[in-house]
Structures are given as structure tokens and as C-alpha cells.
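Dear colleague,

I am handing over the structure we spoke about, with the sequence alongside. Please open it first, and then read the notes that follow.

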Amino acid sequence: MKYLIVSDPHMENTILQNIISHEQDHVDTMFCLGDTSLKASDPLLAPFRLVVRGNHDYDDHFPYTITYNQILLAHGHTYKVYYGYDMLLKAAKENHCQIVLHGHTHVPTHQIIEGIHFINPGSVMINRGSYGFGTYAILETNPFAIHFYHHTTFEEVKPEILEEGLQTLEEFKKLTSAFEARKLTR
């Protein structure tokens with residue numbers, strides 16, 4: 001199977017529509033990992049097989065978490081991904097999932113933890129990185145492959161973008177842990 005994975009468009013509907021138009025004939029199905037800020041009935045979301053609810057989505061029709069073919073889909077905010085993947089890892093194991101897809105951080109990454117793939121396609125709007133553009137991902141499950149693409153040129157991004165993403169996630173963990181520690185000492 002070949003999946004288009006997008007997250008965090010934050011009402012950048014033209015970018016989202018362009019990605020859908022560019023990729024829909026090249027994938028088997030499409031997932032949206034939240035923060036569309038759209039209603040479930042919006043026609044722009046119709047091509048997506050699954051859409052999860054992000055922290056900027058207010059339509060109760062979106063679930064926070066979905067499992068599908070041993071893939072766990074979540075936006076990530078309810079699993080506190082800025083602190084790490086402990087909660088998502090636990091949920092993946094409980095649901096017998098080999099792949100976890102999430103958004104929220106606006107950082108494209110791929111990590112393998114305890115044999116489980118954790119994939120964040122980044123934000124189609126803009127990512128938190130030195131490069132300043134949005135991304136999305138294409139996942140192939142047989143054989144496994146994950147590729148990340150520029151949100152408007154559709155060119156595959158350089159590996160350095162993903163390496164920077166992993167460093168950014170580590171910085172997030174340190175900052176959020178320090179913030180929590182300061183809250184406890186007050």
C-alpha cells in the first residue's frame with residue numbers, strides 16, 4: 001500500500017488542494033493527521049480516508065486516535081509528543097501497531113523505537129526548522145519506504161531536513177522538561 005500523509009495545514013487550503021491534486025493518482029489512500037481547522041463535511045477533506053482531530057480542530061466528528069491496518073494515527077497533542085514518544089509507544093503496543101503517524105510538532109521525522117516506526121510528515125503549511133518550508137510524506141508498506149516532499153515544489157527533501165528534525169525534537173524535549181521543572185519549583 002502507498003499512503004499520502006499530511007498534517008497541520010492550518011487553513012492553507014490552496015497548498016493542501018495542490019498536494020492532493022499532485023499525489024492522489026499516485027497513492028492508494030490518504031491520511032490527514034489534524035489541524036485542518038475545517039469541518040468534517042468540508043469537500044477538501046473528502047479524498048482522505050482517515051482524518052484525526054488536532055488541537056486546532058473543533059469538529060467533534062474527528063476522532064483523536066484511529067488504528068488502521070496496524071497503523072496508529074494521532075495528531076499527537078493528546079500524547080504529549082513534545083515530551084517524547086512514551087505515550088505513543090504505549091498506545092502503539094496496546095493496539096498492536098507497527099507504524100505510528102502523528103503531526104503537531106511541525107517537524108518532519110522518522111524514527112524507529114522498539115521496532116515501531118514513528119513518522120511525522122511535518123506541516124504542509126510551514127515547519128519549525130532553518131529551511132522554512134512545509135512538507136508531507138508518502139509511506140509505502142511493502143516493501144517499507146518513507147519519503148518526504150516539499151509542500152509546493154513536490155521535490156523530495158534532503159536527508160539533512162530529517163536530521164535537523166530529530167535534533168529539533170530533542171530540543172523540544174529538553175525545553176518542555178525544563179519548563180515543567182520550573183513550574184514544580186514555584
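To begin with one residue, Ala145 touches Ile138, Leu139 and Glu140, not counting residues up to four places away in sequence. Please keep in mind throughout that this is a predicted model.

Ala145 is found in strand 10, which covers residues 144-150 and is mostly covered, with five of its seven residues buried. Although Ala145 and Lys2 are 143 residues apart in sequence, their C-alpha atoms are 9.3 Å apart in space.

The partner of strand 10 is strand 9 (residues 135-141), and the two run antiparallel, joined by seven bridges. A hairpin of two residues leads from strand 9 to strand 10, and within this pair Thr141 has Phe144 as its bridge partner.

Turning to the sheet, five strands form an open arrangement in the order 4-5-6-8-7, with mixed pairing. Its edges are strand 4 (65-68) and strand 7 (109-113), each of which pairs on one side only. On average, neighbouring strands of this sheet are turned by 20° against each other, if direction is ignored. Within the sheet, strand 6 (residues 99-101) and strand 8 (residues 116-120) run parallel and are joined by three bridges, and Leu101 has Ile119 in strand 8 as its bridge partner. Helix 2 (residues 86-94) lies across strand 5 (71-74), strand 6, strand 7 and strand 8, and it runs at about 125° to strand 8.

As for the interior, nonpolar side chains in soluble globular proteins tend to be buried together. Here the largest nonpolar core has 21 residues, and those with the most contacts inside it are Phe31, Leu73, Leu101 and Leu139. At least two residues of this core are supplied by each of strand 1 (2-6), strand 4, strand 5, strand 6, strand 9 and strand 10. A second core, separate from that one, has 19 residues and includes Leu16, Met30, Val51 and Phe62.

Which residues is Leu101 in contact with, leaving aside its neighbours within four places in sequence? The contacts of Leu101 are Ile5, Phe31, Leu33, Ile71, Leu72, Leu73, Ala74, Ile119 and Leu139. Among these, Ile119 is also the bridge partner of Leu101, while Phe31, Leu73 and Leu139 are listed with Leu101 among the core residues with the most contacts. Leu139, in turn, is one of the residues that Ala145 touches, which brings these notes back to their starting point.

With best regards

Technical notes
Residues are numbered from 1 along each chain as its sequence is written. This is a predicted model: local features need pLDDT of at least 70, side-chain atom pairs count only at pLDDT 80 or more; totals for chains, interfaces and linings use all residues. Side-chain values use heavy atoms; hydrogens and water are left out. Two strands pair if DSSP finds at least two bridges between them. Helices (H or I, at least four residues) and strands (E, at least two) are DSSP runs, numbered from the N terminus. Axes are lines fitted to C-alpha atoms, for helices over the stretch in contact, and angles run from 0 to 180 degrees between N-to-C directions. Contact means heavy atoms within 4.5 Å. Buried means under 20% relative accessible area, exposed over 50%, partly exposed in between (1.4 Å probe, protein chains only). A nonpolar core is a set of buried Ala, Val, Leu, Ile, Met, Phe, Trp, Tyr and Cys residues joined through side-chain atoms within 4.5 Å.
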